[in-house]
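The following exercises concern one structure, shown below. Each task is followed by a solution in steps.

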Amino acid sequence: MRVRTPSRDAPSRVIEDLLVRLIADVREAANTDGRETAACPVGVGAAGFVDADRRTVRFSPHVNWRDEPLSARLEARLGQPVRLENDANAAAWAESAFGVGRGAAGFVLVTVGTGIGGAIVRDGRLERGSNGMAGEFGHMSLVPGGRRCACGKDGCWEEYASGPALHRYAVQAGRGRAGSGAELAAADDDAETLTGPMIGTRARAGDPNALLAVDRLGHWLGRGLANVVVALDPGVIVIGGGVMALGELLLVPTRASLAEHCSGSAYRSMPVIKTAILGPLAGVIGAADLARADRTGPD
């Protein structure tokens with residue numbers, strides 16, 4: 001089941017109430033199948049900087065969490081253990097255990113949706129860093145003095161290579177190229193109605209504005225990946241998130257941009273880029289499996 005995420009300004013209590021209701025709904029649905037769920041641990045994949053103890057969301061750019069003791073609050077209300085994990089880490093664990101990364105010694109996961117998340121899997125373990133916050137690739141500063149990010153800094157990668165960025169590029173392309181026959185700036189005479197799937201459909205149909213927007217997104221996605229490759233030298237990069245519905249339309253310019261901007265590209269093997277296969281449920285699957293197994297991650 002899916003529900004709309006509260007706005008960024010919504011009080012943390014509103015999000016907590018929503019999580020409790022969702023968990024209760026899932027528990028009720030499971031109980032109708034004759035399964036006892038009251039004592040089952042709960043897994044939560046949180047879109048934010050989760051601390052090393054996996055108990056607190058230190059900061060979230062897109063949700064109103066600031067030093068939020070989310071695990072303890074949910075446990076007090078639910079009366080059962082709650083396993084908290086960064087959502088990209090949870091998705092990486094799912095892909096490692098059940099998805100495209102199964103059997104691989106290691107890979108880097110990059111999720112591209114509302115923002116950019118990331119995770120590092122090495123030797124079957126999640127690399128979390130000293131604060132538990134490794135893999136926050138979306139907040140690498142890519143453009144000095146660039147667009148203001150939701151995190152409060154300027155020029156972050158996710159401002160240039162995310163779902164909202166694709167929307168912005170499509171609107172800009174439509175306004176600058178009137179007469180294409182499929183003006184992307186005026187979907188139903190209102191740019192606000194333009195969606196990622198609409199852009200993808202038009203790109204696959206050959207609309208030049210949509211193709212221009214996807215190409216620009218791939219350019220920036222590749223530029224950011226070049227920094228990831230220089231820093232970590234991964235053999236495999238797994239890309240997930242809603243934007244990956246674009247498939248090869250996005251991956252072709254992404255690979256080209258990665259090769260162009262990666263230092264020493266002529267003297268190194270470029271990483272294999274794979275598409276995540278578990279889709280938008282990857283974070284849910286990973287969080288649930290971590291909680292079910294009662295382990296601290298792939299450690």
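**Exercise 1: the cavity**

The largest cavity is lined by Gly 48, Phe 49, Val 50, Asn 86, Asn 89, Gly 118, Gly 132, Met 133, Ala 134 and Glu 136. The model is predicted: local features need pLDDT of at least 70 and side-chain atom pairs pLDDT 80 or more, while totals for chains, interfaces and linings use all residues. Residues are numbered from 1 along each chain as its sequence is written, and side-chain values use heavy atoms, without hydrogens and water.

Task: state how many cavities of 30 Å³ or more the search finds, and classify the lining of the largest cavity.

Solution.
1. A cavity is a set of points on a 1 Å grid over the protein atoms alone where a 1.4 Å probe fits but cannot get out; lining residues have an atom within 4 Å of a point.
2. The search of the whole structure finds one cavity of 30 Å³ or more.
3. The largest cavity holds about 40 Å³ of space, a volume being the space filled by probe spheres set on the points.
4. Its lining has four nonpolar, five polar and one charged residues; Gly counts as polar and Ala, Val, Met and Phe as nonpolar.

**Exercise 2: a helix pair**

Task: determine how helices H3 and H8 are oriented to each other, and which residues make the contact.

Solution.
1. Helices are DSSP runs (H or I, at least four residues), and strands likewise (E, at least two).
2. H3 (residues 87-98) and H8 (residues 282-293) pack at an angle of about 80 degrees, with axes 7 Å apart; axes are lines fitted to C-alpha atoms, and angles run from 0 to 180 degrees between N-to-C directions.
3. H3 and H8 are therefore roughly perpendicular, a class covering 65 to 115 degrees.
4. On H3, the contact (heavy atoms within 4.5 Å) includes Trp 93 and Phe 98, and on H8 it includes Ile 285 and Leu 290.
5. The contact residues divide into nine nonpolar, two polar and three charged.

**Exercise 3: the five-stranded sheet**

Task: give the strand order of the open sheet of five strands, and place H3 relative to S7.

Solution.
1. Strands pair if DSSP finds at least two bridges between them.
2. The order is S8-S7-S6-S9-S10, with mixed pairing.
3. S8 (125-126) and S10 (272-275) are the edge strands, each pairing on one side only.
4. S7 (residues 116-122) pairs with S8 in the antiparallel sense over two bridges, and Val 121 has Leu 126 in S8 as its bridge partner.
5. H3 lies across S6 (106-112), S7 and S8, at about 45 degrees to S7.

Methods:
1 Å grid on protein atoms, 1.4 Å probe; cavity = no way out; pocket = protein on both sides within 12 Å on 5 of 7 lines; lining within 4 Å. Parallel < 35°, antiparallel > 145°, perpendicular 65-115°, else oblique.
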